[in-house]
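Me: I would like to take a close look at a single part of this model and to follow how that part sits among its surroundings. Please explain the terms as you go, since I am in my first year.

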Amino acid sequence: MPPAITLLRALAALLAAALMLTGCSPLEAPTDAAREPATSVQTPSPAPRPQAGTAVAVLATLAVKGRAPMTGYDRDSFGPAWADTDRNGCDTRNDMLARDLTRVVYQQGTRGCVVVSGVLADPYTAATVDYVKGDGFLVDIDHVVALGNAWATGALRWSIRKRAALANDPLNLLPVDAGENRAKSDADAATWLPPSKAFRCDYVARQIAVKAKYELWVTAPEKAAMARVLTACVDHDLPADSGAPTEAPLSLTEDVRYPSCDAVRAAGAAPIRRGEPGYGSHLDRDGDGSACE
């Protein structure tokens with residue numbers, strides 16, 4: 001055999017062996033995928049869970065339902081306004097003024113109860129209000145969870161004692177600019193928020209704390225509005241509980257009056273028995289001591 005042919009065969013054998021080592025057949029060229037190094041697929045990390053005790057975490061635990069009808073709602077359904085539920089000798093309104101105002105002056109002869117003047121750093125507007133007793137256009141005590149909102153999200157079926165407790169619980173009360181309080185009325189977070197954006201996280205967190213304490217529900221739009229506010233403060237804690245019980249003393253609600261059994265039923269108080277708040281002989285037609293059965 002000629003030396004040239006022998007040489008060509010040897011070179012072919014060497015080339016075939018090299019291709020076998022690289023994993024390619026003699027007729028195949030390496031693909032682009034074979035040339036490029038393998039890359040790992042990055043799995044996105046799950047969103048962190050909200051910390052226990054934060055407003056975001058507690059909001060997730062609240063029941064979501066539609067609004068109940070306002071049938072039967074009346075301020076008197078929450079007991080006498082500004083009762084002395086903590087039995088300290090001062091009514092709730094003056095307790096709240098004394099708690100949140102500075103440079104407080106008390107009326108003489110009231111044992112340090114009646115606030116006649118002071119200065120409020122209004123949380124809703126971030127303005128300063130000089131309070132003077134008797135000027136009804138300066139400072140109101142706002143129910144952070146409005147009583148009308150409470151009625152529509154569970155309170156219509158409560159006892160008068162639980163409603164009175166909510167209406168006088170310091171956790172649910174803030175002295176604020178009177179104009180803003182009246183603009184809010186019975187609105188929830190979906191339809192009204194404080195003009196001061198810096199206070200909105202505190203405001204929504206307090207509403208959530210009240211709703212959790214009293215087992216009130218939220219509507220879907222209300223929950224969505226609260227969640228939007230809390231995106232700016234995901235680690236915001238709930239305010240500390242006031243320690244007030246969720247049932248007011250019976251003696252403070254004895255003067256509640258119902259004009260008819262329809263009102264009793266709308267308030268969730270039926271049947272109502274002799275000795276219970278709101279009982280009256282005009283409701284007990286057969287005189288057996290149990291009215292509006």
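Which residues are buried in helix 4?

Reply: Before the helix itself, a word on what is being read: this is a predicted model, in which local features need pLDDT of at least 70 and side-chain atom pairs count only at pLDDT 80 or more, while totals for chains, interfaces and linings use all residues. Residues are numbered from 1 along each chain as its sequence is written, and side-chain values use heavy atoms, with hydrogens and water left out.

The chain has 10 helices and 7 strands, where helices (H or I, at least four residues) and strands (E, at least two) are DSSP runs numbered from the N terminus. In helix 4, which covers residues 92-100, the buried residues are Thr92, Asn94, Asp95, Met96 and Leu97. Buried here means under 20% relative accessible area, exposed means over 50%, and partly exposed lies in between, with a 1.4 Å probe and protein chains only. Across the chain as a whole, 40% of the 293 residues are buried.

At the start of the helix, a side-chain oxygen of Asp91 comes to within 3.0 Å of the backbone nitrogen of Arg93. This is a polar contact, a pair of N or O atoms within 3.5 Å; within protein, one of them must be able to donate a hydrogen and the other to accept it, and residues adjacent in sequence count only if both atoms are side-chain atoms.

What covers the buried residues of helix 4 includes strand 1, strand 2, strand 3, strand 4 (139-143), helix 6 (160-168) and strand 5. Three of these covering elements, strands 1, 2 and 3, belong to one sheet, and that sheet deserves its own description. It is an open sheet of 3 strands in the order 1-2-3, with antiparallel pairing; two strands pair if DSSP finds at least two bridges between them. Strand 1 (102-106) and strand 3 (128-132) are the edge strands, each pairing on one side only. From one strand to the next, the twist averages 10 degrees. Such angles run from 0 to 180 degrees between N-to-C directions, taken from axes that are lines fitted to C-alpha atoms, for helices over the stretch in contact.

Strand 2 (residues 115-121) pairs with strand 3 in the antiparallel sense over 5 bridges. Among the bridge partners, Ser117 is matched with Val132 in strand 3, and Val119 is matched with Asp130 in strand 3. Strands 2 and 3 form a hairpin with 6 residues between them, and in the turn Ala126 has a positive phi of about 65 degrees. Most residues other than glycine have a negative phi. Arg103 is another case, with phi near 50 degrees; Arg103 belongs to strand 1 and, at a relative accessible area of 68%, is exposed.

In a regular strand the side chains alternate between the two faces of the sheet. Strand 3 shows this alternation: Val129 and Tyr131 point to one face and are buried, whereas Thr128, Asp130 and Val132 point to the other and are not.

Returning to strand 2 and strand 3, which pair over 5 bridges, we can now place the helix: helix 4 packs on the sheet, touching strand 1, strand 2 and strand 3, and its direction makes about 50 degrees with that of strand 2. Contact, in this account, means heavy atoms within 4.5 Å.

The stretch before the helix is also worth a look. Trp82 sits in the loop between helix 3 and helix 4, has a positive phi near 55 degrees, and is partly exposed, with a relative accessible area of 21%.

Finally, a few lines on the wider chain. The largest nonpolar core has 23 residues, and those with the most contacts inside it are Tyr124, Tyr203, Val204, Ile208, Met226 and Leu230. A nonpolar core is a set of buried Ala, Val, Leu, Ile, Met, Phe, Trp, Tyr and Cys residues joined through side-chain atoms within 4.5 Å. The elements that give two or more residues to this core are helix 3 (55-59), strand 5 (173-177), helix 8 (200-214) and helix 9 (220-230). Helix 8 gives the most, with 5 residues.
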